[in-house]
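Subject: Structure for you to look at

Hi,

Here is the structure I promised to pass on. Have a look at it first, then read my notes underneath.

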Amino acid sequence: MRILSGIQSSGKQHIGNYYGALRQFVDLQNRGDEALYFIANLHALTTVRDPAVAATLTRETAMAFLALGLDPKRAILFRQSDIPEVTELYWILGTVVPLSNLDRSHSYKDKLARGISADFGLFAYPVLMAADILLYGSDLVPVGRDQVQHLEFARDWATKFNLTYVPGYDPADPTGAKTGKPGILKLPEALVQEATAVVPGTDGQKMSKSYNNTIDLFGDEGEVKKRIMGIKTDSTPVEAPKPGDTPLYQLLKVMVPESEFPAVEASWRQGGKGYGEYKKTLLAAYHATFGEARARYQALQKDPGSVDAVLRAGAERARAVAAPVIERVRQAVGIER
Ligand code: TYM
């Protein structure tokens, strides 16, 4: 099994990124599969226009991976922009992508709805993401639910590419077990943790770098407290049972350790405690969960050279994984080298 996933360096990493994706990455590394993780800093250029900020966020995203326990000896950690083959595949793949698919992309429609102007990069975003996945022959892609449509696109376009360029390719037999004609691009599967597939933000929408509703993993302590204390609640009196399905309840469910959650839930349903108390419980859970990682992050901040060295070594290894795939793609489409 080859596992691959990426995180955009378009802002500070938050607890949605952790419970939806990063936690899985760290858990999966113990399975002994080959794993590649990268910082999607080319994707981030669709929203970050300041070069100094882009560079800082790229390094901070790498530090987040390492601080949370990703072990660069077991997993390959690299920057998307260090692999020129990915933009090559992006172009080639784009020649078989139906425009109608991009028109119905959720992330694109969502950004348009929020008034972000539509440029080509945003429109083509899913094609670069498909190239990210297909370039390394990935089997499994651990992601939060918002990325599932992108995975479906990657599968569809890999099939389209294989049908176009592999004579005798049968989409019902993508590995070629019966036909002896396997696809050049392997079909990936999404791996989603249902319980944490959509972590809500402080306002109840999906937590997102672009909604100003995040609780950051490595943010300033005072700011984290302010965000937690500012989680949107209703006017249910202290003594009354609290309604489920609110962002505070869901965040407690995600963050409070499993052994302690039943007691929190019982009191929530019974009443007698105010929302402020629960917010304190959440803040305590945040510090208990991320205290060590935050200390490691601070240590890494003082040693940027070591982070850069990890990324350089990772890029070299990732290019070696990509090399045979891009070579087959070039041959298939008739690009001699
Ligand atoms: P990004 O940077 O928005 O998010 C990184 C990962 O975190 C998950 N996530 C969440 N999960 C649960 N609840 C939330 N509120 C939440 N917010 C974010 C995302 O689902 C994702 O798994 N397009 C990707 C980056 C990317 C990529 C790839 C991922 C580029 N190429 C190839 C996988 C494979 C993105 O913007 O993720």
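Let me start in a loop: Asp 245 is found in the one that runs between H8 and helix H9 (247–255). Keep in mind that this is a predicted model. Phi of Asp 245 is near 65°, which is a positive value in a residue other than glycine. How exposed is Asp 245? Its relative accessible area is 69%, and it counts as exposed because that is over the 50% cut-off.

Asn 212 is another one to check if you look at backbone angles. Here phi is near 55°, again positive in a residue other than glycine. You will find Asn 212 in the loop between strand E5 (189–191) and helix H8 (221–229). With 61% relative accessibility, Asn 212 counts as exposed.

**The ligand site**

Now for the part you will probably open first. The ligand takes up the space of the largest pocket. The elements that give two or more residues to the shell around it are strand E1 (2–8), helix H1 (15–28), strand E2 (34–40) and helix H6 (120–134). In total, 28 residues surround the ligand, and the closest are Gln 8, Tyr 125, Asp 132, Asp 146 and Val 199. By type, that shell divides into 13 nonpolar, 11 polar and four charged residues.

Which residues make polar contacts with nitrogen atoms of the ligand? I have three for you:

- Asp 132 places a polar side-chain atom 2.7 Å from a ligand nitrogen.
- Val 199 uses its backbone instead: an N or O atom there lies 2.7 Å from a nitrogen atom of the ligand.
- Gln 147 has an N or O atom in its side chain that is 3.1 Å from a nitrogen atom of the ligand.

As for burial, the ligand taken alone exposes 720 Å², and the protein buries 97% of that.

**His 43 and Ser 5**

Tyr 125, one of the closest residues to the ligand, also turns up in a contact within the protein. The side chain of His 43 reaches the backbone oxygen of Tyr 125 at 3.1 Å. His 43 itself lies in the loop between E2 and helix H2 (51–67). Is His 43 buried or exposed? At 3% relative accessibility it counts as buried, since the cut-off for that is under 20%.

Ser 5 is in strand E1, one of the elements that contribute to the ligand shell. Ser 5 counts as buried too, at 2% relative accessibility. In case you want a distance across the fold, Ser 5 and Pro 200 are 195 residues apart in sequence and 21 Å apart in space, C-alpha to C-alpha.

**Glu 327**

One last item, in helix H12 (residues 304–333), where Glu 327 is found. How far is Glu 327 from Glu 85 in sequence and in space? The two are 242 residues apart in sequence, and their C-alpha atoms are 9.7 Å apart in space. Glu 327 has a relative accessible area of 33%, so it is classed as partly exposed, in between the 20% and 50% limits.

That's what I have for now. Shout if anything looks odd on your side.

Cheers

Technical notes: Residues are numbered from 1 along each chain as its sequence is written. This is a predicted model: local features need pLDDT of at least 70, side-chain atom pairs count only at pLDDT 80 or more; totals for chains, interfaces and linings use all residues. Side-chain values use heavy atoms; hydrogens and water are left out. A residue is near a molecule or strand if one of its heavy atoms lies within 4 Å of it. A polar contact is a pair of N or O atoms within 3.5 Å; within protein, one must be able to donate a hydrogen and the other to accept it, and residues adjacent in sequence count only if both atoms are side-chain atoms. Accessible areas come from the Shrake-Rupley method with a 1.4 Å probe; for residues, only the protein chains shown count as cover. On a 1 Å grid over the protein atoms alone, a cavity is a set of points where a 1.4 Å probe fits but cannot get out, and a pocket is an open set with protein on both sides within 12 Å along at least five of seven lines; lining residues have an atom within 4 Å of a point. A molecule sits in a cavity or pocket if more than half of its atoms lie within 2 Å of its grid points. Helices (H or I, at least four residues) and strands (E, at least two) are DSSP runs, numbered from the N terminus. Ala, Val, Leu, Ile, Met, Phe, Trp, Tyr, Cys and Pro count as nonpolar, Asp, Glu, Lys and Arg as charged, and the others, Gly among them, as polar. Buried means under 20% relative accessible area, exposed over 50%, partly exposed in between (1.4 Å probe, protein chains only).
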